[in-house]
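The following exercises concern the two chains shown below. Please attempt each task before reading its solution.

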Amino acid sequence: MDHVISDIAHGVYNFTNRSLIKNLIIITLCIALGFTIVFFPHQYYSSQKTGKSDFQVGIHYVFEQDELGQIAGQVQRIHDWGFKVIRIRLECQPDPLDYNNLMNQKNDEFFAAVQRSGMDVALVIMNLEDTAKVDYYLNRWGSYLRYIQIFNEPELSNSWTQGAMFTDDEICSKFNIIYDVVESHNLNVEYYTNFGISYVIRSNVPLELAKKLDFVGLDIFMDAFTVTSPHFIENLQQLTHKKVVITEFGMSTTDHVAQSDFILKGLNLFKNMRLPGCWVVYWNSAHDSYGIRDTSTETAVGEWIAANCN
Amino acid sequence: MVGFQSWFEGQLEGFMLYMPPIGLAIFVVLMFVVEPIALGAVNIVLINVLFGTRGWQVTFWLNGIFLMLVFLTANIMLRTVFGWPSSIVMAFDMVLLSLPLGCLARFSNGGWKKPIN
């Protein structure tokens, strides 16, 4: 028996100990290893079974698109599904002569409803926002906020016109202007900036901005980037030395089975990676199909939160 | 390989900040072109010295890429499964993976017995 095994071992050794065969083996193994490096983390985290955790699921609510009378009910509904954070955009009418403008009334209505529900609010300050408007908004509603997002995917942002990218200096100087305005209000909030996957080619941007942030956001869309997201998340953590939250995650489709599937897979992945949270886009969305309100995805996500989050 | 990896991780921030995105490009070239070539060359030199052979069976750059991929795969698996920081993974590499990686390095290439006729 030992003789047979020895013969087989020698046979394999002699066969593989030829340049051509060895080259083919190495090339095949290189391809296999390449795939393993790309897909292993996603496969591993996705296949894990973990119990309930403090994973924070949030959602972006575009309340400016709703009627004034709808807002309180929608906030309550979001709360009832178990979402912990509502993300909103900075929208208001800063003219003091127009104090009770409809948009301002919507803000009042929204923050009153949020106060009743006890959810955290994340405010998005867009890249070209007027400082006077930011100042007005924070004076009036700043105390209701928990997170403030300074800039949205700055590495991709346009400067003076479509296609004219912000230079690195423009991003940093404009960021500092908005940061100083926000900081002057001395609010009890955490600052963050979110980045798209394209931060990789302008990785100095998160590195520079993170110095003034409490955490960084990563926006993930499409299957390909969900599958490779563990690499991006680890890299962003390594670069910025800050915790990473998925601040935008969603799918624009009218196929709500595919949308539910995509979002639930992502939530499982990010929860198993022990990230602090994932914020879905959007609750409602008039101009595309990201919105999950009144679809089967709303129920699916709500049930997932009930089953997986404390 | 642990030395290379440790150096790259330590220098990542510096490269990223060096005239972006030129620093990133230099980093990628160093990590995925220069490192494999150096690894492959070192491996074949070691094999030739230790086993008294000449030349190589697998081109040294391909051999270097292979060794780098094996090392990266092992590290990614350790980090993912155990959630270890880089320092622990590197210690593990040096203490427990040195021998298997050495055997693999020997298997993955080899020269011809001297003298070549």
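**Exercise 1.** How are H2(A) and H8(A) oriented to each other: roughly parallel, roughly antiparallel, roughly perpendicular or oblique?

*Solution.* The structure is a predicted model, in which local features need pLDDT of at least 70, side-chain atom pairs count only at pLDDT 80 or more, and totals for chains, interfaces and linings use all residues. Residues are numbered from 1 along each chain as its sequence is written, while chains are lettered from A and ligands numbered from 1 in the order in which they are written.

Step 1. Identify the elements. Helices (H or I, at least four residues) and strands (E, at least two) are DSSP runs numbered from the N terminus. H2(A) covers residues 19–47 and H8(A) covers residues 223–240.

Step 2. Take the geometry. Two packed helices are described by the angle between their axes and the distance between the axes. Axes are lines fitted to C-alpha atoms, for helices over the stretch in contact, and angles run from 0 to 180 degrees between N-to-C directions. For H2(A) and H8(A), the angle is about 100° and the axes are 8 Å apart.

Step 3. Classify. Angles under 35 degrees count as roughly parallel, over 145 as roughly antiparallel, 65 to 115 as roughly perpendicular and the rest as oblique. H2(A) and H8(A) are therefore roughly perpendicular to each other.

Step 4. List the contact, where two residues are in contact if their C-beta atoms, placed from the backbone, lie within 7 Å. H2(A) provides A:Val38, A:Phe39, A:Pro41, A:His42 and A:Tyr45, and H8(A) provides A:Val227, A:Thr228, A:Pro230 and A:His231. By class, these are six nonpolar, three polar and no charged residues. Here Ala, Val, Leu, Ile, Met, Phe, Trp, Tyr, Cys and Pro count as nonpolar, Asp, Glu, Lys and Arg as charged, and the others, Gly among them, as polar.

**Exercise 2.** Describe the domains of chain A and the contact between them.

*Solution.* Step 1. Domain bounds come from an automatic or database domain assignment. That assignment gives domain 1 (2–44) and domain 2 (52–308) of chain A.

Step 2. The centres of domain 1 and domain 2 of chain A, taken over C-alpha atoms, are separated by 47 Å. Four residues of domain 1 and five residues of domain 2 form the contact. On the domain 1 side, three residues are nonpolar, one is polar and none is charged.

**Exercise 3.** In what order do the strands of the barrel in chain A follow one another?

*Solution.* Step 1. Chain A has ten helices and eight strands. Eight strands close into a barrel in the order E1-E2-E3-E4-E5-E6-E7-E8, with parallel pairing. Two strands pair if DSSP finds at least two bridges between them. Neighbouring strands of this sheet are turned by 25° against each other on average, direction ignored.

Step 2. Examine individual pairs. E1(A) (residues 56–60) and E2(A) (residues 85–89) are joined by three bridges, and A:His60 stands opposite A:Arg87 in E2(A). Helix H9(A) (residues 256–272) packs on the sheet, touching E1, E6 (215–220), E7 (244–249) and E8 (277–280) of chain A, and its direction makes about 160° with that of E8(A). E6(A) and E7(A) run parallel and are joined by five bridges; A:Gly217 has A:Val245 in E7(A) as its bridge partner.

Step 3. Assess burial. A residue is buried if 20 or more other C-beta atoms lie within 10 Å of its own, exposed if 12 or fewer, and partly exposed in between, with C-beta atoms placed from the backbone. In E7(A), six of six residues are buried. Of the 310 residues of chain A, 35% count as buried.

**Exercise 4.** Characterise chain B and its contact with chain A.

*Solution.* Step 1. Chain B contains five helices and two strands, which run α-α-β-α-α-α-β from the N terminus. Buried residues account for 27% of its 117 residues.

Step 2. Inspect its helix pair. H1(B) and H2(B) (residues 22–51) pack at about 160° with axes 8 Å apart; they are therefore roughly antiparallel to each other. Their contact includes B:Phe4 and B:Phe8 of H1(B) and B:Leu24 and B:Phe27 of H2(B).

Step 3. Turn to the interface. The contact between the chains takes 23 residues from chain B and 22 residues from chain A. H1(B) (2–17) and H3(B) (60–82) each supply at least two residues of the chain B side, and the largest share, twelve residues, comes from H3(B). This side of chain B has 16 nonpolar, six polar and one charged residues.
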